[in-house]
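Work through the following exercises with the sequence and the coordinates side by side. Each task is followed by a solution that proceeds step by step.

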Amino acid sequence: MNANLLSLLSCSLWSGVVAQAAPVEQEQQKPVNILFCIADDAGHMSAYGTPWVNTPAFDRVAREGILFENAYTCNAKSAPSRAAFITGRNSWQLEEACNHWPTFPSKFKSYPEALAENGYYVGCTGKGWGPGVANDAQGKKRDITGKPWNEKKLTPPTNKISKVDYASNFEEFMKARPKDRPFCFWYGSLEPHRDYEYASSVRAGKKVSQIDSVPSYWPDNDVVRTDMLDYALEIEHFDTHLGRILKTLEESGELDNTIVVVTSDHGMPFPRCKGQEYRNSNHIPMAVMWKNGIVKPGRQVDEYISVIDVAPTLLEVAGVSHKESGMQPMTGRSFVDILKNRKTDVDRDFVMIGKERHDVGRPDDQGYPIRGLIRGDYLYLKNFETNRWPAGNPETGYMNVDASPTKTEILKARRNEKTAHYWQLSFGKRGGEELYNIKNDPNCMVDLSQKPEYEALMRKMEKEMTARLVEQDDPRMFGRGEVFDRYPDMSVAYQFWNRTRAGEKVPSGWINDTDFEPEASGLKVDWEGTHEAEFRVQEFEQYQHPDVMAKVNKTNGYSLLDNATGIVARKGKELMIRVGKIGTDTLRIKIQDLGIPGDDGYEKGSSYYTLHAGLNRIIPENDGLVYVLYHTRGKATGKKVKIHFLTGEVNGYFDIKKHKASQWQMMLKNATYKYFDVLGNLTHLTFPVESFRQYTPDGKALIEVYDRIVALEHEFMGLDKYADKKFANRHYCHVVNRGYMYAPNYRTAYSTTTMKKVCDIEQLTGIALWGPSHEIGHCNQIRPGAKWHGMTEVTNNLYCLYVQDAFGLTTRVQKEMERPTGMFDDCWYERSMTEYFSKELAHNENRINHCRLIPFWQLHLYLTKVLGNKDFYKDLFEDIRTSVDPATDGECQLEFVKKACEAANLDLTPFFEKYGFLKPMKLEVNDYGKKMFEVTEEGIKQTRKAIKAKKYPKLEVPFWYITDHTVELFKNPRAIEKGTAVCKGNTFTMENWKNVVAYEIFQNGKLVFVAPLQHFTVENAVVDAKVKVYAIAADGSREKVDFQWTEDLQQLEKMKKRDSKFKNMYNR
């Protein structure tokens, strides 16, 4: 239904029609001055018959002007109420300015600003609009209620009353005013806002017996009565200055031509008043005096007036049209007709009230949304979030109620069954609807909403209220009410609940420590848990960007995600982050969801957001763990930035530097998200929480294993010797939902199917050790000097072998079944030696990764383990890191040969010749993409020449036969001791042969097989009694082996079938 039509239909339920007041003729040529006087939290003036408050100045304005009996604010809190006063719009029409302590939207101009643009001289003393931040679109502070005049000070009557001399400041304003310009002045006292000097009123001569009636929702005792009198004393301070200001106007001759509006922003700062939406919270005193304009002064007017009616009234009095004002459309209606005592058809038998967030004190700075309608004698309220605490959560001190003796008395009353109803009335939770007859029950003590006889009235009022709110485009009527909770609170107490929950001592000057009542929330234990505190507020280090050391080391980058936060963001749910000073540094966060089905969430499940100093509000595009990206492209700075995650879930993380092994299980129990971060010294894991719970009883022990893997690879690379090459970041390992394991830049990834292998320490340090070592090895490959085309799945395995050896395991090259063929006696040495030595292949011509790996590992076994050159690979890799990269892959291979000779200080050409490094080759090689690989004759020639020129010592030992098991024989070469040998079919068994490093089998004078084992089966040949077998010693000497041979036709047939089945297995 059309919103306007809905409004008209609903409003037709009542007598009277909503209409704008017609413009009145300007009765004098001289522009009218405007004096707007507003007390802070005053609900009483003596003109209304209150005997314990004495306000002669207000009473004079009422007597010589008009007293409004039914003036109301639309929102009973300072900032939203004052925003409505100055804009003529209800608070729910003002975006952020609907809340307390907001940022005032620059799009909404105030009437003082509009008058200033139309020739008025505008000023303000005391409290103007606020509290909050009001800047223009360029960020410049606005004088939203006029230029401040606060220089004049006085000695206040109590130490809680402001020192600002409001009246004297008005005098200074009047002296400075150009005589030819009308003025608009805002007098905003800071009284009677709390807190008060207790019993100051009694010391000033007041008596508790003066209180004629204590509201029935408070205990009636001397403490409460004294508190009321202290409040009255501060109202009287406001009134004293009002009187002085009126006197200044009289003496200047401007009083008659000045419209004086005297009012307050809302009711008294006591429980169930200020910050609520009842009669006594929203009803405000208001009197207007305009000697040259009011017809029939001295009247008391019963029509309902809203604070939103003030701005259009003053603009009309000033003769400024809406178009001339430049203000947003106003919902308020001018009441000049009342001032002129004219009859109109304007419906003044209703006002709208409501609220969103006032003071903080609920989780995530949530408000307590209410909308209400006062029509005639009845007040109807709709409470939208009845699960929330109306006055703020008990555990954070009911923050929407200022600390006071009265508040303390009511909190004490909760502990007594006979008086607990006081607490319920001021602080307890409420139903979804409330209805009161405010004529008969001004204290709103009798809720009529549950009485059947009022159901029709409630539905009628709800219908009208909804229609008007729809017409006013209230976001809450369109399902967008949560926007009010997302607007930031600009006070120092922002996100008070979250910060207090995290253990932070948050400043809050308007509540007492004794106001905190976690037990009233039903909390059984101290709610300030250290788990929340640890992760909500942290300092994050500025890390060197991993690209820096990746460039230096010619490797992949290490982690970008060193700064884990332990915070979980949820899609569409506002993430509020307070950031400390960062200067000109760039600061971002990544929200990462690794759970993308069938894919890699590191990239496809992530979103990024730039942060700035101060409060950041983010609506995440996805669920995920949050990481802080704070990097420098230069040297590490040691900088840290303090970041407070006000919202988001605490998932936690385990950090070996912070946490003990005994905390592991509890941290997993507290985790709220499906993934969990574990931080070591060198490694960072993000794996499923359930995998950790199932397979990892000790997270500290697990991350220590990963740290050891990375440390060993660093040691092999020489980073312990060349400390300036150490990586500045951790290595990052995370789960994915595709593939098996792989190693992109900045990380290694492990599929969900591998979680037992990578999370179970027993498996990880045994059969599964190769996987992570292999992938981390990919990151550490030095490219292109040690990772030329064809070496991608080769030289990374050098690291794996080093790690396996260090963990005391038998390496894969020494013992691993060649699946699925079961060939070469489960020993890669055997196959590699056979293929290179018998077929004389070029190194990159071999089709099998592990065969190409063998010579690299043999260099380590001989040069490091046998000769004791522990720096061989360290120096070799450093040479590669610090040298200009060769132009081609083939040149990389030849350069590796030269640099290996240099690092070994040996002429290793015989070794590299055996493995085909110095053999010409031009062949298309498939290594994650096809590419032509070429080693030229000329290149080989130049390589040999360069090595020869160095005059290295000659190699005297054929260490191309070395294996893991024969290292000791190469350390101490001895003569071969012969034993016996038998051969059944192709399978040899050598018994009692000693000091043998390998056996070579020749057929028809040609080498066909090499075996570094005592029991082996010859492949790719048919053995008979004619073959020749030689045993080889570590020094290269050899002995002929005599053997007894018997035929095995069954074996021969099996081998033929196998070879036929798998003949194309290694086509590359």
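**Exercise 1.** Determine which backbone oxygen lies 2.8 Å from a polar atom of the side chain of Arg194, and describe the surroundings of Arg194.

Solution. The backbone oxygen is that of Pro269, at 2.8 Å from a polar atom of the Arg194 side chain. This is a predicted model, in which local features need pLDDT of at least 70 and side-chain atom pairs count only at pLDDT 80 or more, while totals for chains, interfaces and linings use all residues. Residues are numbered from 1 along each chain as its sequence is written, and side-chain values use heavy atoms, with hydrogens and water left out.

Next, place the residue: Arg194 sits in the loop between strand 7 (183–188) and helix 6 (200–203), where helices (H or I, at least four residues) and strands (E, at least two) are DSSP runs numbered from the N terminus. With a relative accessible area of 11%, Arg194 is buried (under 20%, against over 50% for exposed and in between for partly exposed, using a 1.4 Å probe and protein chains only).

Then turn to its partners: the side chains of Arg194 and Asp227 are joined by a polar contact of 2.8 Å (a pair of N or O atoms within 3.5 Å; within protein, one must be able to donate a hydrogen and the other to accept it, and residues adjacent in sequence count only if both atoms are side-chain atoms). Leaving aside residues up to four places away in sequence, Arg194 also touches, among others, Phe270, Asp402 and Ser404 (heavy atoms within 4.5 Å).

**Exercise 2.** Check the length of helix 22 and examine both of its ends.

Solution. Helix 22 (residues 699–717) has 19 residues, so at 1.5 Å a residue it should span 27 Å (1.5 Å times one less than the number of residues). Its end C-alpha atoms are 27 Å apart, which agrees. At the N-terminal end, Asp698 acts as a cap, with a side-chain oxygen 3.0 Å from the backbone nitrogen of Lys700. After the helix comes Gly718, whose phi is positive, near 95°.

**Exercise 3.** How many disulfides does a search of the whole structure find?

Solution. The search finds zero (a disulfide being a pair of cysteine sulfur atoms within 2.5 Å). Cys444 is in none, since the nearest cysteine sulfur, that of Cys273, is 9.9 Å away. For Cys779, the closest cysteine sulfur, in Cys733, is 8.2 Å away, which is too far for a bond. Cys444 is buried at 0% relative accessibility, and Cys779 is buried at 0% as well.
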